[in-house]
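Hi everyone, thanks for making time this morning. Have a look at the sequence and the structure on the screen while I get going.

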Amino acid sequence: MSLGPFFRSPFTDLTASMVNFQQYDKCGELEMASIDCLEAYGTVKGSEKCANILADFQECAFMNLQMKRFQAMRLERHRQGLMGERKPSEYYAKAPRVDAY
């Protein structure tokens with residue numbers, strides 16, 4: 001797996017845009033750690049050696065597990081509402097006061 005273009009020219013260098021997470025506090029350190037690891041081992045060997053760091057960075061960036069957990073909680077709430085285990089007034093939590101902040 002190569003991260004670069006198939007044919008490299010000055011035009012590809014000029015128009016290339018790499019998306020990074022350095023401006024975000026949440027994933028910036030994980031991105032640097034994964035890039036450092038890939039730089040040390042290369043992309044082929046690094047995919048094996050750096051699998052833990054890459055998985056942590058992908059979870060931080062794309063939040064797959066967090067979204068699956070959110071969907072499971074939401075489906076459980078809907079199931080409880082349909083089965084009558086939860087009253088309609090208790091379906092969602094009460095909203096905070098307007099001046100709560």
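I'll talk through the disulfides, then a helix pair, and then a few single residues. One thing to keep in mind as we go is that this is a predicted model.

Let's start with the cysteines. How many disulfides does the structure hold? There are two of them. As a general reminder, a disulfide is a covalent bond between the sulfur atoms of two cysteines.

Cys27 and Cys60 make up one pair, with 2.1 Å between their sulfur atoms. Where do these two cysteines sit? Cys27 is in the loop between helix 1, residues 10-15, and helix 2, while Cys60 is in helix 4, so the bond ties together parts that are 33 residues apart in sequence. For those of you who like torsions, the value about the S-S bond of Cys27 and Cys60 is about -95°, so this disulfide is left-handed. Both Cys27 and Cys60 are buried.

The other pair is Cys37 with Cys50, and here the sulfur atoms are 1.8 Å apart. This pair links distant parts of the chain, with Cys37 in helix 2 and Cys50 in the loop between helix 3, residues 43-49, and helix 4, at a separation of 13 residues. The S-S torsion of Cys37 and Cys50 is -85°, and the link is left-handed. Cys37 is buried, and Cys50 is buried too.

And which pairing do we get if we number the bonded cysteines in sequence order? The pattern is 1-4, 2-3.

Now to the helix pair. Helix 2 covers residues 28-41 and helix 4 covers residues 51-62, and their axes come within 9 Å of each other, crossing at roughly 145°. The handedness of the crossing between helix 2 and helix 4 is left-handed. Which residues meet there? Helix 2 brings Leu30, Glu31, Ala33, Ser34, Cys37 and Leu38, and helix 4 brings Ile53, Leu54, Asp56, Phe57 and Cys60. Sorted by class, the contact between helix 2 and helix 4 consists of eight nonpolar residues, one polar residue and two charged residues. You'll recognise Cys37 and Cys60 in that list. Cys37 is bonded to Cys50, and Cys60 is bonded to Cys27.

Let me zoom in on Ser34, which belongs to helix 2. Is Ser34 buried or exposed? Its relative accessible area is 3%, and the cut-off for buried is under 20%, so Ser34 counts as buried. Beyond its neighbours within four places in sequence, Ser34 touches Ile53, Leu54 and Phe57. Those three residues are among the helix 4 residues that meet helix 2.

Moving along the chain, Met63 lies in the loop between helix 4 and helix 5. What is notable about its phi angle? Met63 has a positive phi of about 55°, although it is not a glycine. With a relative accessibility of 26%, Met63 counts as partly exposed.

Next come Glu85 and the residues around it. Glu85 is in the segment that follows helix 5, residues 64-83. Glu85 is exposed, with a relative accessible area of 52%. Setting aside neighbours within four places in sequence, which residues does Glu85 contact? They are Arg79 and Gln80. The side chains of Glu85 and Arg79 are joined by a polar contact of 3.3 Å.

Gln80 itself is in helix 5, and at 18% relative accessibility Gln80 counts as buried. With the sequence neighbours left out in the same way, Gln80 contacts Glu85 and Arg86. Its side chain also makes a polar contact with the side chain of Arg86, at 2.8 Å.

To finish, here are two distances across the model. From Glu85 to Leu30, which are 55 residues apart along the chain, the C-alpha atoms are separated by 42 Å. Phe7 and Met73 are 66 residues apart in sequence, and their C-alpha atoms are 47 Å apart in space. Phe7 is in the segment before helix 1, and at 61% relative accessibility Phe7 counts as exposed.

That's my tour, and thanks for listening!

Terms used: Residues are numbered from 1 along each chain as its sequence is written. This is a predicted model: local features need pLDDT of at least 70, side-chain atom pairs count only at pLDDT 80 or more; totals for chains, interfaces and linings use all residues. Side-chain values use heavy atoms; hydrogens and water are left out. Axes are lines fitted to C-alpha atoms, for helices over the stretch in contact, and angles run from 0 to 180 degrees between N-to-C directions. A crossing is left-handed if the near helix is turned anticlockwise from the far one by less than a right angle, and right-handed if clockwise. Contact means heavy atoms within 4.5 Å. Ala, Val, Leu, Ile, Met, Phe, Trp, Tyr, Cys and Pro count as nonpolar, Asp, Glu, Lys and Arg as charged, and the others, Gly among them, as polar. Buried means under 20% relative accessible area, exposed over 50%, partly exposed in between (1.4 Å probe, protein chains only). A polar contact is a pair of N or O atoms within 3.5 Å; within protein, one must be able to donate a hydrogen and the other to accept it, and residues adjacent in sequence count only if both atoms are side-chain atoms. A disulfide is a pair of cysteine sulfur atoms within 2.5 Å.
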